[in-house]
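These are my notes from going through one chain. I looked up contacts, ring pairs and a helix crossing, in the order given below.

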Amino acid sequence: MSDIEILQQLGLAIEDQQIIFYDNYTQEHKIDFDSLKEVTIDKAYTPIHSRLSYWFSFLAVVKTPFSVRRLFNVEDYRENYELELELNDGKVLSRIVKDINLHEVESFLDQINKAL
């Protein structure tokens, strides 16, 4: 996976010595490189009712002669991660990212944090 593809998955872009960050509401934030303190990615917080509804959705099934199908499609919370950009002034910008290759993204972010 190229660096550009990783940046796109994370909702980031680089332009004119600035990082363009899109939050969960697609609001654009332009950040200078020198104002960035650290970039991290961790498992996203998921409320207990979302976790329970995901697992209970496996109990509500319909059997047909050839398959078993769930009645409710509930989003899988286990693959949600939260990207956080910490700025020098103490502000933290965050966004939920899904379906990423965590190993590649973490090694990419380690390289960025070393450069900062």
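Entry 1. I listed the contacts of Val 92, leaving aside its neighbours within four places in sequence, and found Glu 84, Leu 85 and Glu 86. I was reading a predicted model throughout. I placed Val 92 in strand β8, which covers residues 92–98. For its accessibility I noted a relative accessible area of 45%. Val 92 is therefore partly exposed, as it falls between the limits of 20% and 50%. I also took the separation of the C-alpha atoms of Val 92 and Val 68, which came to 44 Å. Those two residues are 24 apart along the chain.

Entry 2. I turned to the aromatic rings. How many aromatic pairs does a search of the whole structure find? I got four. I wrote down two of them in detail, using the usual terms: a pair of aromatic rings is described by the distance of the centres and the angle of the planes.

I began with Tyr 54 and Phe 58, whose ring centres lie 5.3 Å apart with 90° between the planes. I entered this pair as edge-to-face. On accessibility, Tyr 54 is buried at 5% relative accessible area, whereas Phe 58 is partly exposed at 38%.

I then took Trp 55 with Phe 58, where the centres are 5.7 Å apart and the planes are at 35°. Why is this pair tilted? I entered it so because 35° lies between the 30 degrees below which planes count as stacked and the 60 above which they count as edge-to-face. Trp 55 is partly exposed, and I noted 42% for its relative accessible area.

I followed the ring pairs onward and found that they link Tyr 54, Trp 55, Phe 58 and Tyr 77 into a cluster. At Phe 58 I also looked for a charge and found Arg 70, with its charged end over the ring. I recorded 4.4 Å from that charged end to the ring centre.

Entry 3. I looked at helix α1 (residues 3–10) and helix α3 (residues 102–115). Their axes come within 11 Å and cross at roughly 100°. I therefore put α1 and α3 down as roughly perpendicular to each other, since the angle is within the range of 65 to 115 degrees.

Which residues meet there? From α1 I listed Asp 3, Ile 6, Leu 7 and Leu 10, and from α3 Glu 104, Val 105, Phe 108 and Leu 109. Sorting the residues of this contact of α1 with α3, I counted six nonpolar, two charged and no polar.

Key. Residues are numbered from 1 along each chain as its sequence is written. This is a predicted model: local features need pLDDT of at least 70, side-chain atom pairs count only at pLDDT 80 or more; totals for chains, interfaces and linings use all residues. Side-chain values use heavy atoms; hydrogens and water are left out. Axes are lines fitted to C-alpha atoms, for helices over the stretch in contact, and angles run from 0 to 180 degrees between N-to-C directions. Helices (H or I, at least four residues) and strands (E, at least two) are DSSP runs, numbered from the N terminus. Angles under 35 degrees count as roughly parallel, over 145 as roughly antiparallel, 65 to 115 as roughly perpendicular and the rest as oblique. Contact means heavy atoms within 4.5 Å. Ala, Val, Leu, Ile, Met, Phe, Trp, Tyr, Cys and Pro count as nonpolar, Asp, Glu, Lys and Arg as charged, and the others, Gly among them, as polar. Rings of Phe, Tyr and Trp (its six-membered ring) pair if their centres lie within 6.5 Å; planes under 30 degrees apart count as stacked, over 60 as edge-to-face and the rest as tilted. Buried means under 20% relative accessible area, exposed over 50%, partly exposed in between (1.4 Å probe, protein chains only). A charge sits over a ring if NZ of Lys or CZ of Arg is within 6 Å of the ring centre and within 35 degrees of the ring normal.
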